[in-house]
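Trainee: Could you pick one part of this model and take a close look at it with me? I'd like to know how far to trust the prediction and how that part sits in its surroundings.

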Amino acid sequence: MRLSPIRAILTLCGPAVIAFAQPAGSPFSPTNIFAPASTPAKSIVDLSLFVLEVTAAIFVVVFALLAYVVVKFRRKATHGREPAQVYGSTQLELAWTVIPVLIVVILFLAAARVIGVVQNAEHPGNAIDVTVIGHQFWWEYRYPSLNVVTANELHIPVSDPAHPTPTFLTLLSADTDHSFWVPRLAGKTDLIPNHPNSMWIDPHETGLYLGQCAQYCGTQHAKMLLRVYVQTREEFNRWIQEQSRPAQVSSIVSEGQRIFERTACINCHAVAGTVANGRYGPDLTHLMSRDTIASGAVPNTPENLRRWIQDPSTLKPGCKMPAMGLSDPQVNAVAAYLETLR
Amino acid sequence: MSTESITWATPQAATPPPLVEQLHHWVATVDHKRLGILYILYALVFLVAGGVEATIMRIQLIRPHNHFVSPEVFNRMFTMHGTTMIFFAAMPLVFGFANYLVPLMIGARDMAFPRLNAFSFWMTAFGGLLLYFSFVGGDGLYGAGSAPDVGWFAYAPLTSQTFSPGHSTDFWILALLVSGIGSVGTAINIIATILSLRCPGMTLGKMPLLAWLNLTMAGLVILAVSPLTAAQVMLLVDRFLGGHFFDTQAGGSAVIWMHFFWVFGHPEVYVLVIPAFAFASEIIPVFSRKAIFGYPIMVAATLCIGFISMSVWAHHMFTVGMSAAENTFFVFSTMAIAVPTGIKIFNWLATMWGGQIHFQTPMLFCIAFLFQFLIAGLTGVMLSAAPFDWQLGSSYFVVAHFHYVIVGAILFTSFGAFYYWFPKMSGRMYNEKFGKLHFWLFLIGFHLTFDFMHIPGLLGMPRRIYTYEPGRGWDIWNLIVTIGVFFQAAGVLVFACNLFWSYFRGQVAGSDPWDAWTLEWSTTSPPPAYNFAALPEVKSRRPLWDLKHPEDPDWHYE
């Protein structure tokens, strides 16, 4: 990383700020915008540091001026006489008009360049396309060319900077406005009904990247969390293969399946290969392959799954899934069925 | 008619009328000073209401997964907090001071349209009552949420009947519609007053800066509030008459609402901050004992800000998927506005340069304003770089940034203005010691809250979430931010007690306690109903300086 004056200043400003300047490998927070792992996020950080340098320099100059004025020209003991009256100075005023204009032009050009880099990027042939659909309050992911539908946990392949395989996201909304924001991968882009948007990411390192909805979308906006799993190409291909299979159901859980298909569950949920084909809620075909439920709100444990089926509002008050009023044995049966959806 | 006979007639020995009659006078008044004070008191009530809502939010966010309030209540709180503070605290405060000060400072006896003035105030007042009535009436017959919970910019389609059943959103719409009519009325009044009621000798170029800034503000109000009112009418049509302006499921556009809202919303920031500049432009010279530096360029910069502010709105929409060209344009216009605002800061500093700075409470608030507005401006430059905004927009960084503007600049200078003009309005001096205590408590609280609020934004914390996950590095910052709130609340308490106590027990102020230079200080404190016994005649921008320094009057230099 290049050594810039802003880093020196950041270092002097105390531990809180130093943390931002640490390398991407050890982020201060899993959602630190200064720990980029993808080209759009990296371009933004480079611009940000430049803007920070310029603004920090302006701050130092003007603050020093203010401090000097306040200390130097505080009232002296000599009462009665007014100080010399000065009404203005064309030269000075011209100076502090022209210099800011020059600074603004430089900052503008720097920003315009990055806008171009991020917004006008080419869509290479080997890119992965994913359609992201925002729902109150969860994420639907569809891989049109790979025949995969999943929810809440996005899986994408790592992109080698030498041979980039970026992922292009088409952003749609099923209801209100949402915003896709995984700070280490890219800036946010809104999902607006009737207004398709797009963005792209090309993560350089494997791992789990966190984020969440960044446009207020209703009661449970806070628990519309984002999890992006960046995998090696082999892992990703294996995941795609598993996800594109229909559900494999064993007869041991037929009671749970019967309850699932005869109550309102199937109005909203789909399980590929069965009669369940609802689209209002997450696709459950491979539910057990996910680490979390309720859009990242809680880990996908048998206990949480039971509580969720029993009454979702205990885990996520205000979410759209209703409590179906199932008895304990029925809940257990449905949970046992869902646990076979791998 | 001799001057003496009028001065002599000021009410002094007369016994005060009974309370009911006094209250009736306040309700029925068309006097710009009384309406100004009504506006200000009304703003203070809503400032407290909005402050309580903010405090509830901050207690909820003091640690991750807190259960102080439910998500529904939290969402209502941030909607009500934003709407209250902008429309029913900041706007009335600005209008109140404009009402009170503009006629006095330009040597007029009242506003141009006194009855329109009263009408406008009561429209605004009823708007606020409508908004708060939603706590009672918002349920409607649906049993849906009480107060509105759509956020203060109420993005479509969250405001449609589908997503917001019940009447809470209707109350929000009507409150803004009604108070918007009041705002436009007052703006027309301010413009007419300044253009037609200036005293003899006061050309436009000899007006106090406060009048120039309020003229610009009023022009912006007319331009900005009208689209908002239009959008509210469209939203009502959508909700009640089956219109589809913003109904995305029927082909309407959510983005159009954003444009309508921000075409109002961004000039609105300047509607609020330009009067803040006005306070600073009056207080800083008096407490530095120097004339304002570069009056013509200050006026030019103000007009420039007014014009540019009409072309920057979509920087609130960098993340909604505009084309690269559109984004680039709004980056440029937004950055350009930094130039005239920069000029202002330098001119204030130049005014203080070489002066004799008195550190009384009004000046302390203005110095803090300069410091905070500098930072707010610089974080604004960061946000104006669209790619940086793709990260920072809708995060706590933005929340910190605009609170730096609204609290750090607007509220700070307003507090300064309270202390500066309190002796004129009440005839009594405030208590300086408690004024300084208020300043320091509020300063500490402000910086604890809003300095540290930038950090969770940089660490990926979005705004408007009722709770957050542990392990994101956000916990400690949110704790500090919440602690700051209590310092601010203590400061406001000291402020309220000080004003209340001083009103009854403060020292008699006299007509010119600050040895100031503008016309309002030439009449008694409080001024009589007719303001000036004889209309003053001015020759320069500082008529009282000329009076006090006949050997070296300003008109030699201007």
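Mentor: Happy to, and let's begin with confidence. Chain A has a mean pLDDT of 90 (the predictor's confidence in each residue, from 0 to 100), and 91% of its residues reach 70 or more. This is a predicted model, where local features need pLDDT of at least 70 and side-chain atom pairs count only at pLDDT 80 or more, while totals for chains, interfaces and linings use all residues. Residues are numbered from 1 along each chain as its sequence is written, and chains are lettered from A and ligands numbered from 1 in the order in which they are written.

The average for chain A hides a spread. Among its elements, helix α2 (residues 15-18) has the lowest mean pLDDT, 40, and strand β6 (residues 178-180) the highest, 98; such helices (H or I, at least four residues) and strands (E, at least two) are DSSP runs, numbered from the N terminus. Over residues 5-26 of chain A, pLDDT stays under 50, and the model has 23 contacts beyond four places in sequence for this stretch. Two residues are in contact if their C-beta atoms, placed from the backbone, lie within 7 Å.

Chain B has a mean pLDDT of 94, with 96% of its residues at 70 or more. Its residues 1-11 have pLDDT below 50, and that stretch makes six contacts in the model beyond near neighbours in sequence. For the complex, the predictor gives an ipTM of 0.92 and a pTM of 0.93.

Now for the part I'd choose: helix α4 of chain B, residues 71-105. It has 35 residues and reaches 48 Å from its first C-alpha to its last, close to the 51 Å expected at 1.5 Å a residue; the expected span is 1.5 Å times one less than the number of residues. α4(B) also bends, by about 35° at B:Met85, where the bend is the angle between axes fitted to the seven residues ending there and the seven starting there. Because 32 of its 35 residues are buried, α4(B) is largely enclosed by the rest of the structure. A residue is buried if 20 or more other C-beta atoms lie within 10 Å of its own, exposed if 12 or fewer, and partly exposed in between, with C-beta atoms placed from the backbone. After α4(B) comes B:Gly107, whose phi is positive, near 70°.

α4(B) also takes part in the interface between the chains. There, 77 residues of chain B are in contact with 77 residues of chain A. Helices of chain B that each supply at least two residues to the side touching chain A include α4, α8 (254-288), α9 (295-308) and α12 (361-384). The most comes from α11(B), with nine residues. By class, this side of chain B has 48 nonpolar, 23 polar and six charged residues. Here Ala, Val, Leu, Ile, Met, Phe, Trp, Tyr, Cys and Pro count as nonpolar, Asp, Glu, Lys and Arg as charged, and the others, Gly among them, as polar.

Some loops of chain B deserve a glance too. B:Arg289 is in the loop between α8 and α9 of chain B, and its phi is near 60°, a positive value in a residue other than glycine. With 20 other C-beta atoms within 10 Å, B:Arg289 is buried. The loop between α5 (114-137) and α6 (168-196) of chain B holds B:Ser146, which counts as partly exposed because it has 19 C-beta neighbours inside 10 Å. B:Pro157 is found in the loop between α5 and α6 as well, and the peptide bond from B:Ala156 to B:Pro157 is cis, with omega near 0°. A cis peptide bond also joins B:Ser525 and B:Pro526, with omega about -15°; B:Pro526 lies in the loop between α16 (475-505) and α17 (543-548) of chain B.

Finally, the partner chain. An automatic or database domain assignment divides chain A into domain 1 (5-73 + 88-119), domain 2 (128-243) and domain 3 (251-338). Domain 1 gives 12 residues and domain 2 gives 14 to the contact of these two domains. On the domain 1 side there are eight nonpolar, four polar and no charged residues. One backbone detail to check in chain A is A:Asn152, in the loop between β3 (148-151) and β4 (153-157). Its phi is near 70°, positive in a residue other than glycine, and A:Asn152 is buried, with 21 other C-beta atoms within 10 Å.
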